[in-house]
Amino acid sequence: MSAGTAQTPASAPRPNPSSARAHKQLLDEQRDERRRTFRRPQRTVNTTRANRTGLGSRHLGLGISLSGGFFALFLLWRFAVQWDRYPNPLPTLAAWIVLLVATVATLIVVNRLADRMPTWMFLTVLAIGEIVVGLDLAGYGRGDAVDTYPTAAAAVGAFFAILVSVRRGREIVAATLVLGAVIAAGSLTAARDNPQVLVPAILTISLCVFPPLLGVSIVRGFRRMVQRELDLVLVQSTISQPSSAVGMLASEELARIDLDAETLLDDVATGRTALPLSPAKSAAAATLATQLRLHLIEGRRETWLHHALTESEFLGPAVNLDDPAGLAGELSPTQRDALLLAIWLLISDTDGAEPTVSLVFGPLGRTGGHSIGEMLRFPIKMIIEGVPRRRVDPETWQAIRVVGPHIDSVRSGQLHVDIECSIDNPADA
């Protein structure tokens, strides 16, 4: 069967707009609920923390700091040009000295930090920025300092850009906005003889807020990209699991239960816990046994695809799985990898919209032929919402063809992909 595009017949009944909206609202609610209840496996958290510096985030922060340095050099040159216009340039000169010393010290500290900058150190940096702003405003902000504007105070924005890789983005943004507001108040309220100086004042404010805001945006996008790729790599490890098995979250929970059970048994064996067990100890042992049985039952019902979706921050909220017979577990490793890649590409290769993919497996059927070596066949239906067919990457179709021959069609604004999947009969193994 070759892939093709089927058109919806003209005589087909038109979808009810109200029911379509209700269906979309239901999917959005399900997505939000899964996003709220998502818990990242500790394995993913540890991998991200271990690779925070090795994945280029620190180098990216250094590049942003160097870029902000060009803004600071321009402002330093501007300070030298308007030196004669200051009634007293010494406060601004002191501000530049403090800023340069603090910048060198901060760069050294940031490059030696293994993780995030401590809060007390961040507050110290903010306090130094306030000192620089105060000294600079004292040097220029009088009515007789005509045509002079903040230079060291505006360069504090480039100073804050050094911190984009070691502090949260919203903290840098908040500090930058406060800095911009202070400089704007000083620039626009000081007495000026020439009304045309408003434009240089606006330029100075822009030079102040642009480096840190741009740096926060770049680092946030980079970390999102890295986390997405790490998520994909860790989720792909599920394709080597047996037909039914426990996932990373369940494995972590089983390890915790096993440790608690071993501790209880060791306490009984060494006499630290007397027999018969107290009511509290008996209740704890019963709880451990119940949790262990539940996890063992789940391990016989949940396939690799279930774990891949529920343990992925990006796939979990956007993919709905209907596989009551656990047919996903019968796919070959090649088919598993291709199916997971196709889902990933459909979810990640979109701009702005939040796509939704619904997967329906089964029912199981047979091909005609001999009873020995007979292939098992079942359909996989993919319903993609939020991704126009023209936006689907060719690599996605290639991955779907690895899973099996397919037919795609557009119905009610949704992309439907019907895959005919054939697998070896497990009874012949």
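Which residue in β5 does V357 stand opposite? Select V357 and follow the pairing across to β5, where I384 stands opposite. The model on display is predicted, and the tour below begins with the strands around this pair.

**The whole chain**

Before continuing, display the full chain as a cartoon. The protein chain contains 13 helices and seven strands. Of its 429 residues, 41% are buried. Among contacts with a separation of 6 or more, 78% are between residues 24 or more positions apart.

**Strands β3, β5, β7 and β6**

Select residues 356-361, which form strand β3, together with residues 375-385, which form strand β5. These two strands pair in the antiparallel sense, and six bridges link them. The pair of V357 and I384 belongs here, with I384 in β5.

Next, keep β5 in view and add residues 414-424, strand β7. The pairing of β5 with β7 is also antiparallel and extends over ten bridges. To locate a point in this pairing, select R377, whose bridge partner in β7 is S422.

Now add residues 406-411, strand β6. Strands β6 and β7 run antiparallel and are joined by six bridges. Here I407 may be selected; its bridge partner in β7 is D418.

**The turn at S412**

Move to the loop between β6 and β7, where S412 is found. The hairpin formed by these strands has two residues between them. Although S412 is not a glycine, its phi is positive, at about 55°. Is S412 buried or exposed? With a relative accessible area of 57%, S412 is exposed, because exposed residues are those over 50%.

**The cis peptide bond at P363**

Return to the end of β3 and select G362 and P363. The peptide bond that joins G362 and P363 is cis, with omega about 5°. P363 lies in the loop between β3 and β4, the latter being residues 365-366.

**Helices α12 and α13**

Select residues 333-348 for helix α12 and residues 394-403 for helix α13. The axes of the two helices come within 8 Å and cross at roughly 150°. Angles over 145 degrees count as roughly antiparallel, so α12 is roughly antiparallel to α13. The crossing in which α12 passes α13 is left-handed.

Show the side chains at this contact. On the α12 side, select T334, Q335, A338, L339, L341, A342, L345 and L346. These meet E395, T396, A399, I400, V402 and V403 in α13. By class, the contact has ten nonpolar, three polar and one charged residues. A general point helps in reading the helices: an α-helix has 3.6 residues a turn, so residues three or four places apart point the same way.

**Helix α6**

Finally, select residues 152-161, helix α6. How many of the ten residues of α6 are buried? Ten of the ten are buried, so α6 is largely enclosed by the rest of the structure. To inspect them individually, step through A152, A153, A154, A155, V156, G157, A158, F159, F160 and A161, the buried residues of α6.

Technical notes: Residues numbered from 1 in each chain as written. Predicted model: local features only at pLDDT ≥ 70, side-chain atom pairs only at ≥ 80, totals over all residues. Heavy atoms only, no water. Axes fitted to C-alpha atoms, helices over the stretch in contact; angles between N-to-C directions. Helix = DSSP H or I, 4+ residues; strand = E, 2+ residues; numbered from the N terminus. Parallel < 35°, antiparallel > 145°, perpendicular 65-115°, else oblique. Left-handed = near helix turned anticlockwise from the far one by under 90°. Contact = heavy atoms within 4.5 Å. Nonpolar A, V, L, I, M, F, W, Y, C, P; charged D, E, K, R; others polar. Pairing = 2+ DSSP bridges. Buried < 20%, exposed > 50% of the residue type's maximum accessible area, 1.4 Å probe, protein only.
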